[in-house]
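Could you walk me through this structure in my viewer, one selection at a time? I would like to know what to pick next and what is there.

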Amino acid sequence: MRVVLDTNIFVSGIHWSGASSKVIEGLLKGKFESVTSDEILLEFLETMRSFKIPMSDDSIAWWENLIISKSEIVLPKEKLNVVKNDPDDDKFIEAAVEGDCDCIVSKDKKHLLKLKEFRGIKIISPEEFLKLL
């Protein structure tokens, strides 16, 4: 199964136990193929550097290297305009399309999860994803 993980899965999974941390555990164990893009990685770095729970630069770099080593990095060719209320989230859909993914895992109830699906790519919560694993 090929999957794009939203930045919020990493933020939640790194800082708290729960479904998101189990998704990250699945990534570490190779239970699915992760797909990401430079744009998603950049958002991850910016988010972790400014997050309310501080992390050292070394810790952030460790997570970045882990994501890179466990993911296929794609360069989306198609620019999409799907998430009308938060166009910044289009990067997750673009990566999923380019990476021929089965799903996007997100905690974004206001924008991404409302879509439910795009071009056959399911957009699901971490809890739903864990049921598929």
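Start by selecting helices H3 (38-50) and H5 (residues 90-98). This is a predicted model, and here it places the two axes within 9 Å, crossing at roughly 140°. Angles over 145 degrees would count as roughly antiparallel, so H3 and H5 are oblique to each other. Look at the handedness too: H3 passes H5 in a left-handed crossing. To see the contact itself, show the side chains of Glu39, Ile40 and Glu43 on H3, together with Lys91, Phe92, Glu94 and Ala95 on H5.

Next, select helix H4, residues 57-70. How far apart are its end C-alpha atoms? They are 20 Å apart, which agrees with the 20 Å that 14 residues should span at 1.5 Å a residue.

Stay on H4 and colour Ile60, Trp63, Leu66 and Ile67, which are buried. These residues cover an arc of only 120° around the axis, so they sit on the same side of H4. Now turn to the other side of H4, where Asp57, Asp58, Trp62 and Ser69 are exposed. The two tryptophans make a handy pair to click on: Trp63 is buried, whereas Trp62 is exposed.

What covers the buried residues of H4? Switch on helix H1 (7-15), helix H2 (19-28), strand E2 (33-37), helix H3 and strand E3 (71-74), which are among the elements that do. You have already met H3 in its crossing with H5.

From that list, move to helix H2 and pick Ser20. Is Ser20 buried or exposed? Its relative accessible area is 2%, and a residue under 20% counts as buried, so Ser20 is buried. Leaving aside residues up to four places away in sequence, Ser20 touches Ile9, Ser12, Gly13, Lys107 and Pro126.

The last two stops concern the backbone. Most residues other than glycine have a negative phi. Select Asp100, in the loop between H5 and strand E4 (103-105): it is not a glycine, yet its phi is positive, at about 50°. Asp100 has a relative accessible area of 61%, which makes it exposed.

Finish at Arg119, in the loop between strand E5 (117-118) and strand E6 (121-124). Arg119 also has a positive phi, near 50°, in a residue other than glycine. With 52% relative accessibility, Arg119 counts as exposed, the cut-off being over 50%.

Conventions
Residues numbered from 1 in each chain as written. Predicted model: local features only at pLDDT ≥ 70, side-chain atom pairs only at ≥ 80, totals over all residues. Heavy atoms only, no water. Helix = DSSP H or I, 4+ residues; strand = E, 2+ residues; numbered from the N terminus. Expected span 1.5 Å × (residues − 1). Buried < 20%, exposed > 50% of the residue type's maximum accessible area, 1.4 Å probe, protein only. Arc of directions from axis to C-beta. Contact = heavy atoms within 4.5 Å. Axes fitted to C-alpha atoms, helices over the stretch in contact; angles between N-to-C directions. Parallel < 35°, antiparallel > 145°, perpendicular 65-115°, else oblique. Left-handed = near helix turned anticlockwise from the far one by under 90°.
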